[in-house]
Amino acid sequence: MKKPNLFLILLFVLLCGTHVFAQNGKIVGKVFDESNGSILPDAVIKTEPLSKGAASDLDGRFSVEKLTPGQYKVTASYVGYVKQTKRIEIKAGEVLNIDFVLKPEGAYTDTVTIEAERVITNSESGLLLKQQKSENIFDGISEQQIKRAPDAAASDVLKRVMGVSIVKDKFIFVRGTSERYNNTTLNGVLLPSTESDKKAFSFDLFPSNLLDNVIISKTFTPDQPGNFSGGLVQITTKEFPEKFTFNYSITGSYNTNTTGEKFYDYSAGEKKVWFLNLGLDNGSRELPAIIPDLSIKNSNFTRDEIKDFSRSFGNNWGQLTDKAPLNSGFQLSAGNVFNLGKIPIGILGAYSYKNAFSQKDIETNEFNTDHTQLSGYKGRNSEFSVLWGGLLNLNAKFNDFNKIGFKFTYTVNSEDETEYYEGFYAPEGWDRKKYITHFTQRTLLSSQLFGEHYFEHIAKLNLNWRGSYSESDRKEPDMKTMTY
């Protein structure tokens, strides 16, 4: 019996959730305060001439459905704020997104206190408004800006943020302070270090296709972790859309120093083809089962036993040469909102893949203090890298003021390096050839269950809770260095 195809099942669920009333239109949007950029829950939305309406939920989001094609006046109102009216035209099957920015009434004598989650931050204008009204200092970049740039990973995106430097194409320096003085959160949850020997997070793990926005706080506020002196990098992944969406793109690139040129490689039982290689070790680099847990160097093994240990390792010391193909990749995402009984369910899935072939010509020279040369080598480093990641977001809205959701993110980044050098080492008087193979595999898993609740009649209390599990892993199996 064949196992069901997971992708086909997901696509079927998404398609089944499309609205059966395709001839009718729909209005969606958010309502927020002009004075401080906060969201206004429980604002009233009315449409004329059909006299349909809705109220904004705990996220400030509203939805008016089953609108026949035509022209409408849409009015948003909130106690203590000036009403705002917009004239729109709805077409058959259209989902129109409109946002309202309400001004507080100047003649209103009582104090109106609004507490809400946040302003819309996936648009450039929304992020600028939040930055203008915020009590702390921060910089950021929105999804709208990310889409305009050809960046593949979050590390490339962060290069465009003021006051941020990227070191080794992965580590972040904020205002000149090194990575150990910065913290990173994913959807509000602190992420562990991706490096085994230092406190640092590698931002090339995140494909840019999965990002909703990135905000870097440079000052402290009570709602954030306080154990940073450089910056707090807050990564937010995409939320579910208001209608069925499906997006895909395919990319390719040409490198004059690499593409079509001689590329060093070694036999590891893997094919370096973009649709076959996921950057995960296939098991050929694992420590042989015959190797004991005890230290071989300090144990009383016989010479024959030690020979058997060495012969159990793969005989892949030799290096191969081939022609490097084009760099390639693709991105796809699908999402929808459908009803489970009377409960709206939002789902979003996204996947991104990218590989790259790169080469460097390297020359190293060592000299003694008397200026005599100690060694000199010339050679080439060939690297095949893979970056891919996926996310799955599920949200259930029980009513306008209670929502529960689940977010899952998994990313993989690997580099497979093959190096060859020729040169000399003066103290021994020998010419030397160096062969180096080095594979690094890094993975990050983050899962989160959260809930948001707004209690209008209990002092307009906003309650947020979340439970999360995050894990980062780094492997460097079977690194080989041989000098001949």
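This report describes the overall make-up of a predicted chain, two of its strand arrangements and a nonpolar surface patch.

The model is predicted: local features need pLDDT of at least 70, side-chain atom pairs count only at pLDDT 80 or more, and totals for chains, interfaces and linings use all residues. Residues are numbered from 1 along each chain as its sequence is written, and side-chain values use heavy atoms, with hydrogens and water left out.

**Overall make-up**

The chain has five helices and 25 strands; helices (H or I, at least four residues) and strands (E, at least two) are DSSP runs, numbered from the N terminus. Of its 484 residues, 44% are buried (under 20% relative accessible area, with exposed over 50% and partly exposed in between; 1.4 Å probe, protein chains only). About 26,500 Å² of the chain is exposed, and carbon and sulfur atoms supply 54% of that area. Accessible areas come from the Shrake-Rupley method with a 1.4 Å probe, and for residues only the protein chains shown count as cover. Among contacts (heavy atoms within 4.5 Å) between residues at least 6 apart in sequence, 66% join residues at least 24 apart.

**Strand pairing**

Two strands pair if DSSP finds at least two bridges between them. An open sheet of four strands has the order S3-S2-S5-S6, with antiparallel pairing. Its edge strands, S3 (52-55) and S6 (84-90), each pair on one side only. From one strand to the next the twist averages 20°, based on axes that are lines fitted to C-alpha atoms, for helices over the stretch in contact, with angles from 0 to 180 degrees between N-to-C directions.

Two antiparallel pairs are listed below.

| Strand pair | Bridges | Bridge partners or opposite residues |
|---|---|---|
| S2 (residues 44-48) and S3 | Four | Lys 46 and Gly 53 |
| S10 and S11 (residues 171-174) | Four | Ile 166 and Ile 172 |

S10 and S11 form a hairpin with three residues between them, and Lys 168 in the turn has a positive phi of about 55°. Strand S10 (residues 164-167) has a covered face of Val 164 and Ile 166, whereas Ser 165 and Val 167 make up the uncovered one.

**Nonpolar surface patch**

Leu 392, Leu 394, Phe 406, Leu 449, Ile 458, Leu 461, Leu 463 and Trp 465 form a nonpolar surface patch with about 640 Å² of accessible area together. Two or more residues come from each of strand S21 (373-399) and strand S24 (461-475). S24 gives the largest share, three residues. Trp 465 lies in strand S24 and is partly exposed, with a relative accessible area of 34%. Patches are made of residues with over 30% relative accessible area and no salt bridge; like charges are joined within 9 Å and nonpolar side chains (Val, Leu, Ile, Met, Phe, Trp, Tyr) within 5 Å. A salt bridge is a side-chain nitrogen of Lys or Arg within 4 Å of a carboxyl oxygen of Asp or Glu.
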